[in-house]
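I opened the notebook to record a few lookups in one structure. The entries follow in the order I made them.

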Amino acid sequence: MAIRQLPPSLINRIAAGEVVERPASVVKELVENAIDAGASRIEVTATGGGLSLIRVTDDGAGMGPEDLALAVERHATSKLVDDELSYILTLGFRGEALPSIGAVARLSITSRARGAKEAYQIAVDAGRKSALKPAALAAGTEVEVRDLFYATPARLKFMKSERAEAAAIADTVKRLALAHPEIAFSLSTGERTTLRLEACPPGLLNHALARLGRILGSDFVDDALPVKAACGPVSVEGFAGLPTLHRPNGLQLYLVVNGRPVRDKLLAGTVRAAYGDLVPHGRYPMLTLFLTLPPDEVDMNVHPAKTELRFRDPNAVRSLLIGSVREALGAAGHRATASLSQSALERMARPSDMPSPSPAARHYTYASQGSPRAFGFAERAQAPLADVAAPSADMRGAAGEDDAQTDYPLGAARAQVQDTFIIAETDDALVIVDQHAAHERLVYERLKRALSNGGIARQMLLIPEVIELDGEAAASLLSVADELERLGLVVEAFGPSAVVVREVPALLGSCDVKGLLLDLANTLLEAEEEEGRRQLAARLDQVLSTMACHGSVRAGRRLSPDEMNALLRDMEKTPFSGQCNHGRPTYIELKLADIEKLFSRR
Ligand SMILES: Nc1ncnc2c1ncn2[C@@H]1O[C@H](COP(=O)(O)OP(=O)(O)O)[C@@H](O)[C@H]1O
Ligand SMILES: [Mg+2]
C-alpha cells in the first residue's frame with residue numbers, strides 16, 4: 001500500500017482519541033480554557049452524562065471574530081508566548097482541544113471579546129466548519145458540545161452508563177474547583193444544580209480550606225492539619241487529614257501543581273511514606289497539597305490530557321512533600337479525630353420519653369450543681385472503682401494531684417469503666433480512652449524506637465515455649481527467623497509443624513506467646529499472599545504492630561489510678577498516639593460545652 005498524507009478531518013479525529021476520551025475530558029478542556037481566560041465564574045451544564053449536551057459558560061476575556069475562527073484550527077493557541085515549551089503558565093498550550101472536540105461532535109462557540117460591541121459564533125459539526133456569524137452574548141464565552149462522539153460510533157460504544165459519565169464529570173469539575181478557589185463554579189444536569197461553589201476570598205490556605213470543606217466534607221475541615229513548607233523556589237501548602245480520618249479508596253487525595261490538578265505517583269508515595277502505619281492497611285487518608293514551583297522545573301507536555309507531568313528533580317519534590325506532611329502529623333501529636341467525638345455526641349441523644357427540662361427546672365439544676373466540674377466521677381472514683389490490687393492511698397494520691405493533672409491535654413484519670421475505658425477530666429472536656437488501643441500504640445512506638453536505636457532488647461523465657469502450628473505457618477515463621485531475632489523474638493524449629501520460642505522482646509512483658517506466634521504467622525501468610533515473597537523489612541511494621549498488640553494491656557484489665565495517669569502522660573509524649581496501629585482512635589474528647597448542650601444547659 002502506498003503512503004498517503006491524511007486529510008485534516010481525519011487527523012483531528014485521531015487526535016481527539018487522545019484528548020477527548022470521554023465526556024469528562026471535554027468538560028476538563030473547556031473549563032481549563034475558561035480558567036485560562038481569567039474567568040471569575042464558570043457554569044457547567046451536562047445532560048445525558050455529557051453525551052447529549054455539555055455547555056460551559058464563562059465571564060472571561062472572550063474572543064474577537066478573528067481569534068474565534070482560529071480557535072477551532074488545529075495547533076492554534078494564544079498561550080505560548082515564545083516557541084519554548086519550558087515556561088508554561090496556563091493550563092492549555094497544545095491548541096488541540098477545540099478542533100478535536102469539533103471533529104467528533106457538534107461544537108458551537110459564542111464569544112464576545114472584553115470591551116467589544118458584538119459577540120460572534122462559530123460552529124464545527126464533525127469537522128465541518130461553518131462561517132462566522134454575529135450572535136448575542138453579554139460577555140465572555142459560551143461553548144456548547146452536542147452529540148459527543150456521534151461522528152465516531154466506535155468510541156461511543158465504549159461509554160459507561162450515563163450515571164458513571166455524570167459522576168466522572170462531577171469529579172473533574174470538583175478537582176478543577178479545588179485547585180481554583182478564587183473562581184465561582186456551578187454544575188447542573190439541565191434540570192437541577194448539583195454543585196454550587198461561591199468564590200472564596202484570597203489567601204491561599206484559608207480560602208482553600210473553605211472550598212475543601214465544600215468538596216471534601218466538613219469532617220475534613222475539622223480534622224485538617226495545615227501543611228506548609230518550602231525548599232528554595234519550590235513550596236508546598238495544603239492540608240493533611242488526621243490519620244483517624246480514613247477512606248476506603250484514594251479518591252480524596254489531591255495534588256495541585258501550579259494550579260493544575262494532577263494525578264501523580266508522587267502523591268501515592270508521599271502518602272505511603274508520611275502516613276505509613278498510621279492508617280489501617282487498605283485504607284487511605286485525606287490529603288490536599290498545592291505545590292508551587294518555577295514552570296521550568298516541571299514538564300507538562302508528557303500526556304495529551306496534561307494530567308501527568310514530570311519533575312526535573314522528583315526526589316527534591318518528593319522529600320519536600322513527605323517532610324511537610326510528616327511534620328504536620330507530628331505536630332498534631334496525640335490529636336484524634338474531632339468528627340468521631342462529634343458523632344459520638346450526636347448518638348448520645350436524650351431518651352425520647354424524657355421531656356426536656358423547663359427553663360425554670362434547668363435553672364434550678366444548674367444552680368444546685370454549682371461548678372461544671374461536678375460530674376460525679378470525682379466522687380465515684382474515690383471508692384468503688386479503686387483497683388483491688390492497689391492500696392487506696394493510690395487513689396487519694398491521684399485525686400490529690402487533680403488540679404495539676406487536669407492541665408494536661410488528656411487530663412486526670414477519674415475512673416475506669418468496664419475494665420476497658422479510662423475516663424479522664426481536663427479543664428474543659430471529658431476524655432474517654434480505650435486503654436488497649438492506647439497502650440498498643442505506645443508499645444509499638446517504643447519498639448520502633450528501640451529498633452532504630454540499635455536493637456530491641458530480648459528477655460529469655462524461663463521455660464521455652466513449644467507452639468504447635470500447621471506446617472505452612474511454622475515454615476513461614478522459620479523462613480524469617482533471622483529477622484525475627486533482630487526484632488527480639490527467638491524462634492527455632494521443633495519437629496515438622498511446631499516451633500519453640502526461647503526469647504521475646506523485653507518490652508512485651510509477660511505476653512501470651514502462643515497467641516502472638518499464631519497472629520504473627522497469620523500476618524506473614526497474609527502479607528505473602530498479598531505482595532509475593534518480599535523482604536521482611538517491608539512487613540516490619542506489620543510484625544511490630546502484631547507484637548505491640550500482644551504486649552499491651554488488654555481490654556479487661558483493671559488499672560490503678562497511677563497506672564491510668566501514667567498511660568495518659570505517656571500518650572501525650574508519644575507521637576501519633578491518637579490512633580492505634582489499626583487506625584482506630586485511642587481516645588475521644590467530649591467538650592464540656594457539648595455535654596452541657598446535651599443536658600440543655602446551653
Ligand atoms: N473560554 C475561552 N475564552 C477565551 N478564549 C478561549 C476560550 N476557549 C478557547 N479560547 C482560545 O482558543 C484557543 C484554542 O483553545 P484550545 O483548543 O483549548 O487550545 P489551548 O487551550 O491549548 O490553547 C486558546 O488558546 C484560546 O486563545
Ligand atoms: Mg485548551
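Below are my notes on the ligand site, a sheet, a loop residue and the cysteines.

**Entry 1, model.** I noted at the start that this is a predicted model.

**Entry 2, ligand 1.** I asked how many residues surround ligand 1. I found 19, and the closest are Asn33, Thr77, Ser78, Lys79 and Gly95. I then looked up polar contacts to the ligand, starting with the backbone. A backbone N or O atom of Gly95 lies 2.8 Å from an oxygen atom of ligand 1. For Ala97, I read 3.3 Å between a polar backbone atom and an oxygen atom of the ligand. I also checked Thr141, where the contact comes from the side chain: one of its polar atoms lies 3.3 Å from a nitrogen atom of ligand 1.

**Entry 3, a three-stranded sheet.** I looked up the strand order next. The sheet is open, its order is β20-β22-β21, and the pairing is antiparallel. Which strands form the edges? I have β20 (458-468) and β21 (490-493), each pairing on one side only. From one strand to the next, the twist averages 15°. I then took the pairing of β21 with β22 in detail. Strand β22 covers residues 498-505, and four bridges join β21 to it in antiparallel fashion. Within this pairing I noted one position: Glu492 stands opposite Val500 in β22. As background, I wrote down that strands of a sheet pair through backbone hydrogen bonds, either parallel or antiparallel.

**Entry 4, Thr574.** I asked where Thr574 is found. I placed Thr574 in the loop between α21 (561-573) and β23 (587-591). Is Thr574 buried or exposed? Its relative accessible area is 7%, so I entered Thr574 as buried, the cut-off being under 20%. The side chain of Thr574 reaches back to the backbone oxygen of Asp570, at 2.7 Å. Leaving out residues up to four places away in sequence, I found that Thr574 touches Leu442 and Glu445.

**Entry 5, cysteines.** I asked how many disulfides a search of the whole structure finds. The search returned zero. I then looked up the accessibility of two cysteines. Cys200 has a relative accessible area of 12%, so I listed Cys200 as buried. For Cys231 the relative accessible area is 47%, and I listed Cys231 as partly exposed because exposed would require over 50%.

Note on methods: Residues numbered from 1 in each chain as written. Chains lettered and ligands numbered in written order. Predicted model: local features only at pLDDT ≥ 70, side-chain atom pairs only at ≥ 80, totals over all residues. Heavy atoms only, no water. Disulfide = S-S within 2.5 Å. Buried < 20%, exposed > 50% of the residue type's maximum accessible area, 1.4 Å probe, protein only. Helix = DSSP H or I, 4+ residues; strand = E, 2+ residues; numbered from the N terminus. Polar contact = N/O pair within 3.5 Å; in protein donor to acceptor, adjacent residues only side chain to side chain. Contact = heavy atoms within 4.5 Å. Pairing = 2+ DSSP bridges. Axes fitted to C-alpha atoms, helices over the stretch in contact; angles between N-to-C directions. Near = heavy atom within 4 Å.
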